[in-house]
Amino acid sequence: MIQEICFSTVKEDLHDLTPEIRKVILDSGLREGVCVVYCPHTTAAIVVTSRMDPAGFEDLKEEVSRLVPTRIDFKHQVDTPTDASGHIKSAVMGISATFLIGEGDLLIGSSQGIYFMEFDGPRKRKVWVRITGE
């Protein structure tokens with residue numbers, strides 16, 4: 001079963017997918033299995049990070065931007081400079097993640113959250129969630 005989660009982002013946004021993914025799992029009735037979260041966009045990523053301290057989100061966004069800054073000298077100039085750097089950030093960070101499902105719930109650490117990381121917003125975005133199991 002594949003479910004689509006749709007939402008809007010702002011520039012360099014972190015959208016918490018955890019509650020929506022948990023709802024997909026709950027609604028499926030699946031007790032044990034695997035959940036794949038996939039981002040079909042080239043200027044965004046799926047990340048797992050601590051949800052305990054909002055300042056950590058700022059650190060994550062700042063460090064990713066420090067590692068791959070927006071510049072005007074990228075060879076890719078089809079769109080904006082943030083589009084070009086967003087492609088690289090997406091490739092480095094990754095567009096999917098796989099999680100275990102146990103006892104009808106998402107098995108993640110107590111401080112972990114699953115986030116959609118926007119590199120070129122604002123945009124209307126989506127992720128696909130596929131769950132399999134029994």
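Are Arg 125 and Glu 118 buried or exposed? In this predicted model, both residues are buried. Glu 118 has a relative accessible area of 1% and is counted as buried because that value is under 20%. The two side chains form a salt bridge, in which the closest N and O atoms are 2.7 Å apart. Side chains of opposite charge can pair when their charged atoms come close.

Glu 118 belongs to strand β7, which covers residues 112–118. A polar atom of the Glu 118 side chain also lies 3.1 Å from the backbone nitrogen of Gly 121. With neighbours within four places in sequence left aside, Glu 118 is in contact with Thr 9, Val 10, Glu 12, Asp 13, Thr 43, Arg 123 and Arg 125. Arg 125, its partner in the salt bridge, is thus joined in this list by Arg 123.

The structure holds seven salt bridges in total. One of them pairs Arg 123 with Asp 120, with the closest N and O atoms 2.6 Å apart. In this pair Asp 120 is buried, at 5% relative accessibility, whereas Arg 123 is partly exposed, with a relative accessible area of 31%. Another salt bridge connects the side chains of Arg 66 and Glu 63, with an N to O distance of 2.8 Å. Both of these residues lie in helix α2 (residues 54–67), where a spacing of three residues amounts to about one turn of the helix. Arg 66 is exposed, because its relative accessible area of 54% is over 50%. Glu 63, at 37% relative accessibility, counts as partly exposed.

Aromatic side chains were examined next. A search of the whole structure finds three aromatic pairs. The rings of Phe 7 and Phe 116 have centres 4.9 Å apart and planes at 80°, so this pair is edge-to-face. Phe 7 lies in strand β1 (residues 2–8) and Phe 116 in strand β7, and the pair links distant parts of the chain, 109 residues apart. Both rings belong to buried residues: Phe 7 has a relative accessible area of 10%, and Phe 116 has one of 0%. In the pair formed by Tyr 38 and Trp 128, the ring centres are 5.9 Å apart and the planes stand at 10°, so the pair is stacked. Tyr 38 lies in strand β3 (residues 33–38) and Trp 128 in strand β8 (residues 124–133), so parts of the chain that are 90 residues apart in sequence are tied together. Tyr 38 is partly exposed, with a relative accessible area of 34%. Trp 128 is also partly exposed, and its relative accessible area is 31%.

The strands that carry these rings take part in sheets. Strands of a sheet pair through backbone hydrogen bonds, either parallel or antiparallel. An open sheet of five strands has the order β1-β8-β3-β5-β6, and its pairing is antiparallel. Strands β1 and β6 (105–107) stand at the edges with a single partner strand each, so one side of each has no neighbour in the sheet. From one strand to the next, the twist averages 30°. Within this sheet, β3 and β8 run antiparallel and are joined by six bridges. Cys 35 has Ile 131 in β8 as its bridge partner. Helix α1 (residues 18–28) lies across β1, β3, β5 (96–102), β6 and β8, and runs at about 130° to β6.

Another open sheet consists of three strands in the order β2-β7-β4, again with antiparallel pairing. Its edges are formed by β2 (14–16) and β4 (44–50), each with a single partner strand, so one side of each is left without a neighbour in the sheet. Neighbouring strands of this sheet are turned against each other by 35° on average, direction ignored. Three bridges join β2 to β7, and these strands run antiparallel. Asp 16 stands opposite Tyr 115 in β7. Helix α1 packs on this sheet, where it touches β2 and β7, and its direction makes about 35° with that of β2. Strand β7 is also the strand that holds Glu 118, the buried partner of Arg 125.

Definitions and conventions
Residues are numbered from 1 along each chain as its sequence is written. This is a predicted model: local features need pLDDT of at least 70, side-chain atom pairs count only at pLDDT 80 or more; totals for chains, interfaces and linings use all residues. Side-chain values use heavy atoms; hydrogens and water are left out. Helices (H or I, at least four residues) and strands (E, at least two) are DSSP runs, numbered from the N terminus. Buried means under 20% relative accessible area, exposed over 50%, partly exposed in between (1.4 Å probe, protein chains only). A polar contact is a pair of N or O atoms within 3.5 Å; within protein, one must be able to donate a hydrogen and the other to accept it, and residues adjacent in sequence count only if both atoms are side-chain atoms. Contact means heavy atoms within 4.5 Å. A salt bridge is a side-chain nitrogen of Lys or Arg within 4 Å of a carboxyl oxygen of Asp or Glu. Rings of Phe, Tyr and Trp (its six-membered ring) pair if their centres lie within 6.5 Å; planes under 30 degrees apart count as stacked, over 60 as edge-to-face and the rest as tilted. Two strands pair if DSSP finds at least two bridges between them. Axes are lines fitted to C-alpha atoms, for helices over the stretch in contact, and angles run from 0 to 180 degrees between N-to-C directions.
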